[in-house]
Amino acid sequence: MQRIGVFVCHCGTNIAATVDVKAVAEALKYEPGVVVSTEYQYMCSEAGQELIKNAIKENALTGVVVCSCSPRMHEATFRKTVAAAGLNPYMLEIANIREQVSWIHKNIEEATEKAIILGRAAIAKVHLNAPLTAGESPVVKRALVIGGGIAGIQTALDIAEAGFEVDIVEKNPTIGGKMTQLDKTFPTLDCAACILTPKMVDCAQNDKIKIYSYSEVSEVKGFVGNFDVTIKRKARYVDENKCTGCGLCTEKCPQKKVPNEFNLGLDNRRAIYIPFAQAVPKIATIDADYCTMLKSGKCGVCSKVCTAGAIDYKQEDSFVNEKYGAIVVATGFNPIKLDKYDEFAYSQSADVITSLELERLMNAAGPNGGTLLRPSDKKHPHRIAFIQCVGSRCDDGKGKSYCSKICCMYTAKHAMLIREKYPDTEVYVFYIDVRTPGKNFDEFYRRAVEEYGVNYIKGMVGKVLPEPDGTLTVRASDLLNGTQLNLSCDLVVLAAAIEPDKSARPLATMLTASMDTNDFFTEAHPKLRPVESPTAGIFLSGACQGPKDIPETVSQASACAAKVIGLLAKNTLKGNPCVAHSDELLCNGCSSCEKVCPYGAISYSDKEFRINGKMVTRRVASVNPAVCQGCGACTVACPSGAMDLNGFSNSQIMAEVDAICKW
Amino acid sequence: MQMVNNEFKPKIVAFCCNWCSYAGADLAGTNRLQYPAEVKIIRVPCSCRVNPMFILRAFQRGADGVIICGCHPGDCHYTTGNYYARRRMTLLFSMLDFLGIEKERTRLEWVSAAEGQKFASTMSDFVKTVTELGKNKRLEDLRCKK
Amino acid sequence: MQEMMKKKAIELLGSGAVARVLGWKKGEFDYDITPAVFESIEEIENEFIYNSLCSPNLSKYLVKESRKEGKTLIFLKPCDSYSLSQLITEHRVVRENVYAIGIECYGKTDADTIKEKGIKGITKITENDGVLNIETLYGNEKVPVYEVLRERCVNCKSKKHPVYDELIGEEGQAVDDCERFSEVDRIERMTPEERFAFFRGELSRCIRCNACRNVCPACTCEKCVFDNDASGIAQKAASDSFEENMFHIIRAFHVAGRCTDCGECSRVCPQNIPLHLLNRKFIKDINELYGNYQPGENIGNRSPLTDYTQNDAEPNIVYKRGGKDNA
């Protein structure tokens with residue numbers, strides 16, 4: 001039996017004016033287990049807290065009920081008070097007789113009666129309270145950033161700036177991501193490489209940052225503050241420590257017919273390659289799918305020309321194990337595949353290209369050295385049509401239901417750049433809506449229309465027909481003029497929707513981080529915690545969380561870094577002790593609880609139990625208290641009642657129900 | 001608040017999630033918005049913590065109405081808790097109705113921390129509805145009566 | 001059919017491929033078929049039975065049997081196969097320890113259903129080619145099986161086997177025009193007073209024998225909340241109307257989204273309470289509100305109660321539909 005003390009607060013006249021506080025204290029005195037019941041003017045004051053502390057010591061109290069204002073106000077205060085008197089802070093319950101009684105009722109009799117009932121409910125609950133201790137776990141002061149695009153780079157740089165170690169895992173041979181492929185960036189039109197490559201170099205030179213390029217995360221264990229990650233370092237057949245990045249091998253390799261992914265297959269590279277001149281790390285990689293030496297054992301040219309002796313045909317995938325306190329997901333995006341959009345003749349005509357392909361065609365380091373030429377005949381195009389929303393805002397099942405967000409702006413940029421460089425080229429943009437929210441974005445679009453004379457036509461394109469003369473007929477409707485158009489063009493550019501990188505889904509499973517139906521990572525709170533995953537210790541940076549342009553990505557990346565730094569700055573993490581726990585003897589191992597847990601806090605293991613003298617192996621759930629946030633979803637999903645929640649247990653809540661209904 | 005029946009005062013149990021609805025109730029208090037004293041609030045971390053057993057238990061012990069309040073869909077502090085609560089309560093309420101228990105005795109409402117007014121008016125309305133229904137007789141446990 | 005099954009069982013048991021066989025044998029009376037575990041060829045030769053009276057769903061027995069040494073051979077009617085699939089989804093059955101043979105089923109009957117036809121004093125029932133030869137104290141009667149099918153078989157939902165290692169007979173299909181919800185629909189259209197009266201009339205007969213719970217392949221908890229004193233709701237005797245409601249509502253809620261609608265609860269109820277109606281009400285609601293969902297159809301499916309969409313119906317949909325007063 002608990003020894004309970006009840007302390008009724010007057011809150012000046014806030015409570016005492018409508019609640020007969022003496023009557024409440026008197027009535028609660030006779031509740032089972034109550035050994036002292038008293039009232040005082042301001043319980044939260046120094047003197048009030050002293051009163052509680054003394055009463056705990058004098059009466060050897062095991063539980064305390066304070067009838068006062070909302071627990072959201074002073075629960076923390078009174079927990080400290082009882083703790084100072086040597087009681088477990090969780091042996092306290094609060095009856096809210098201010099916000100729920102004195103402030104909303106006028107009739108003293110009615111208010112006093114309700115205050116007594118709420119007091120009884122709190123006493124009934126405290127009878128079932130158990131001392132709780134928040135678990136502590138140490139924080140490994142190192143962060144992992146998965147994905148080395150602009151989002152990952154920015155997050156890593158910011159974390160390193162704060163003095164913490166950061167590792168970047170990038171699946172490609174170089175960091176830099178999609179931004180390396182862009183020509184100019186809106187709305188200021190500065191060149192992407194000029195602003196990105198210095199950041200890439202900063203990463204390489206920062207002694208707090210370690211780059212695992214050509215690598216993937218293959219396994220994640222542990223929890224916030226203490227993740228155990230296995231990184232797979234794919235064999236690149238070049239010793240990273242020896243290669244100087246001179247590039248001689250990439251010039252001498254006889255296999256010249258490898259589609260160059262950096263230029264989106266618009267030209268070719270060799271089987272041993274460095275993706276582009278400013279690659280970080282600048283190390284050659286052998287493409288095992290094309291290398292004749294690796295495939296047939298006959299060649300070895302690169303090995304012969306390499307003065308550093310870096311080529312190693314026998315290299316194998318290797319695995320690195322590392323511990324991290326926080327993990328940042330920065331897996332980015334890709335344009336969707338356009339094979340379902342045959343009406344735009346993407347697969348039939350080389351002159352129907354995506355916007356990203358156009359970026360490469362216009363880039364000085366691109367396949368045409370920056371001169372805009374048609375891929376088919378290398379002639380200068382005189383009329384170009386841009387088609388917006390290809391696969392975005394689609395509910396036909398072929399594309400994505402969401403807006404890809406960046407296309408309106410980059411198309412305005414493309415149109416503007418083309419009109420500036422080639423004033424003799426006509427540019428048409430077919431759109432559903434032009435969406436340009438963002439600083440200086442609408443001004444930018446208006447400039448394209450007003451100063452550069454880009455023809456914007458509201459209406460969707462029905463079909464693109466390749467003609468025998470090499471031109472493309474664009475069939476569209478002009479909704480504003482109510483006419484049908486047949487426009488003969490030389491080049492058609494499709495603003496393909498963007499989607500999360502394919503690696504995101506398996507990664508989310510590894511991290512037990514939740515995703516939406518489009519495979520974008522979900523935030524802990526869409527408004528208030530936008531850079532955290534609901535899974536503690538997992539943070540979101542960039543387009544893996546939703547379509548974003550560069551300014552937005554960089555802001556989010558830095559915000560994400562701030563959250564990571566906040567976590568890594570702590571030596572230990574103190575958990576919330578009001579977490580779920582599973583009674584292994586009752587658990588069926590059915591996985592219902594695991595499915596509703598938003599944090600991935602529940603895991604299963606086979607355990608041996610002695611039942612009726614026999615050893616039986618059963619699958620049972622266990623909750624990681626460092627990850628559980630205490631929502632209680634699992635407790636209701638569990639049919640056997642094996643899952644219960646500390647501080648809000650089934651029996652505690654039912655005791656409150658009973659006390660309230662028994663009057 | 002006008003009582004339909006001056007004699008009968010219903011017992012109402014309100015389960016409120018800590019983050020939105022309980023805060024909404026606090027706001028109703030701070031703004032001195034009156035609602036009937038028949039409502040007694042039980043704080044739970046999230047609407048998804050409310051087990052159908054708690055609701056039946058309340059009726060068993062003499063409650064005349066049970067209302068569950070949680071964050072608006074999409075605003076759950078735990079991201080998804082109220083979505084599960086919504087499915088569970090929809091099915092439970094439908095089952096109670098199927099068994100002929102007055103469906104007006106159970107309710108689920110989304111009340112945010114800013115909706116003190118909504119909290120007070122919801123409670124007033126619920127008490128009025130349950131008062132009109134009268135004593136809970138179809139789901140009571142006679143053994144729990146003294 | 002019976003001979004093919006016996007042959008297969010003897011072959012697998014004889015070769016040591018399986019350590020035991022789950023099937024059916026005679027119970028207290030000739031016509032009272034009961035589930036059985038066979039561990040020897042002799043037992044199978046002498047006792048193994050399969051006919052239209054083999055109603056019991058065997059899948060639940062695997063919760064225990066599949067945790068024993070060696071494999072267990074089980075014969076599964078489509079209903080039983082759905083149950084097994086759901087049990088595998090919930091990790092209650094160790095799949096590797098099971099050898100499942102799916103058997104085709106054209107509907108089952110039992111003595112209770114036959115008695116409802118006005119046939120009394122049954123002493124023995126034999127079956128030949130789809131016709132039951134019923135020996136009674138008052139003479140013999142011949143009744144085709146299809147005339148005395150149980151309600152769940154008249155309203156059969158599927159003749160498919162979602163899980164099996166081997167089939168005897170043909171694989172069937174889900175029954176598209178199944179009318180199993182018509183009775184739920186009829187009750188929904190009553191007034192609340194009529195519904196209350198209907199269910200009081202039914203549930204007040206409950207004697208809390210727990211047969212429904214014990215037979216239910218979804219009720220496999222290591223310890224039922226109603227048996228657990230610490231749960232706060234443990235009660236055994238049906239002494240009050242509330243108690244009856246509470247038990248059946250909570251039981252139906254706990255199996256909601258998991259119940260495959262095998263109908264065993266109603267079959268075994270000694271008081272003939274149509275308990276399956278509660279489960280079907282949940283199934284019907286789930287289908288209507290969250291899209292058709294058949295538990296056990298695919299292993300690994302996510303139950304609708306452990307899932308959600310952002311646009312799910314609000315609970316006040318309950319106020320808006322059903323019932324004469326709102327029709």
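Which residue in β27(A) is the bridge partner of A:Thr354? Select A:Thr354 and look across to the neighbouring strand: the partner is A:Leu494. This is a predicted model, and the tour below starts from that pair.

**Stop 1: the sheet in chain A**

Widen the selection to β20(A) and to strand β27, residues 491–496 of chain A; these two run parallel and are paired over 3 bridges. Now add the remaining strands. The result is an open sheet of 5 strands, ordered β20-β27-β21-β22-β23 in chain A, and the pairing is parallel. Colour β20 (352–354) and β23 (455–458) of chain A separately: they stand at the edges, and each has a single partner strand, so one side of each lacks a neighbour in the sheet. With direction ignored, neighbouring strands here are turned by 25 degrees against each other on average.

Next, show helix α11 of chain A, residues 355–362, which packs on this sheet. Helix α11 touches β20, β21 (383–390) and β27 of chain A, and its direction makes about 95 degrees with that of β20(A).

**Stop 2: the cysteines**

Select A:Cys191 and A:Cys194. A disulfide joins them, with an S to S distance of 2.1 Å. The structure holds 1 disulfide over all chains. Turn the view along the S-S bond: the torsion about it is about 95 degrees, so this disulfide is right-handed. A:Cys194 has 51% relative accessibility and therefore counts as exposed, the cut-off being over 50%.

A:Cys634, by contrast, takes part in no disulfide; the nearest cysteine sulfur belongs to A:Cys628, 6.2 Å away. Is A:Cys634 buried or exposed? Its relative accessibility is 9%, so A:Cys634 counts as buried. In chain B, select B:Cys20, which is also buried, with a relative accessible area of 11%.

**Stop 3: cis peptide bonds**

Stay in chain A and go to A:Phe186 and A:Pro187. The peptide bond between them is cis, with omega near -5 degrees. A:Pro187 sits in the loop that links β8 (184–185) and β9 (190–191) of chain A.

Then move to A:Val280 and A:Pro281, which are joined by a cis peptide bond with omega about 0 degrees. A:Pro281 is found in the loop between β15 (272–273) and β16 (285–286) of chain A.

**Stop 4: positive phi**

Select A:Lys405. This residue is not a glycine, yet its phi is positive, near 75 degrees. A:Lys405 lies in the loop between β21 and α12 (407–421) of chain A, and at 41% relative accessibility it counts as partly exposed.

For another case, change to chain C and select C:His91, a non-glycine residue with a positive phi of about 60 degrees. The loop that holds C:His91 lies between α4 (78–89) and β4 (98–103) of chain C. With a relative accessible area of 31%, C:His91 is partly exposed.

**Stop 5: where chain A meets chain C**

Show chains A and C together. In this interface, 17 residues of chain A are in contact with 20 residues of chain C. The two chains bury about 1500 Å² between them, of which 58% is on carbon and sulfur atoms. Which residues of chain A lose the most area to chain C? They are A:Asn588, A:Lys595 and A:Pro639, which together make up 38% of what the chain A side buries.

Finish on the charged contact. There is 1 salt bridge between chain A and chain C. Select A:Arg618 and C:Glu222, which form a salt bridge with their closest N and O atoms 3.8 Å apart.

Technical notes:
Residues are numbered from 1 along each chain as its sequence is written. Chains are lettered from A and ligands numbered from 1 in the order in which they are written. This is a predicted model: local features need pLDDT of at least 70, side-chain atom pairs count only at pLDDT 80 or more; totals for chains, interfaces and linings use all residues. Side-chain values use heavy atoms; hydrogens and water are left out. Two strands pair if DSSP finds at least two bridges between them. Helices (H or I, at least four residues) and strands (E, at least two) are DSSP runs, numbered from the N terminus. Axes are lines fitted to C-alpha atoms, for helices over the stretch in contact, and angles run from 0 to 180 degrees between N-to-C directions. Contact means heavy atoms within 4.5 Å. A disulfide is a pair of cysteine sulfur atoms within 2.5 Å. Buried means under 20% relative accessible area, exposed over 50%, partly exposed in between (1.4 Å probe, protein chains only). Buried area is the accessible area (1.4 Å probe) that two parts lose on being put together, summed over both. A salt bridge is a side-chain nitrogen of Lys or Arg within 4 Å of a carboxyl oxygen of Asp or Glu.
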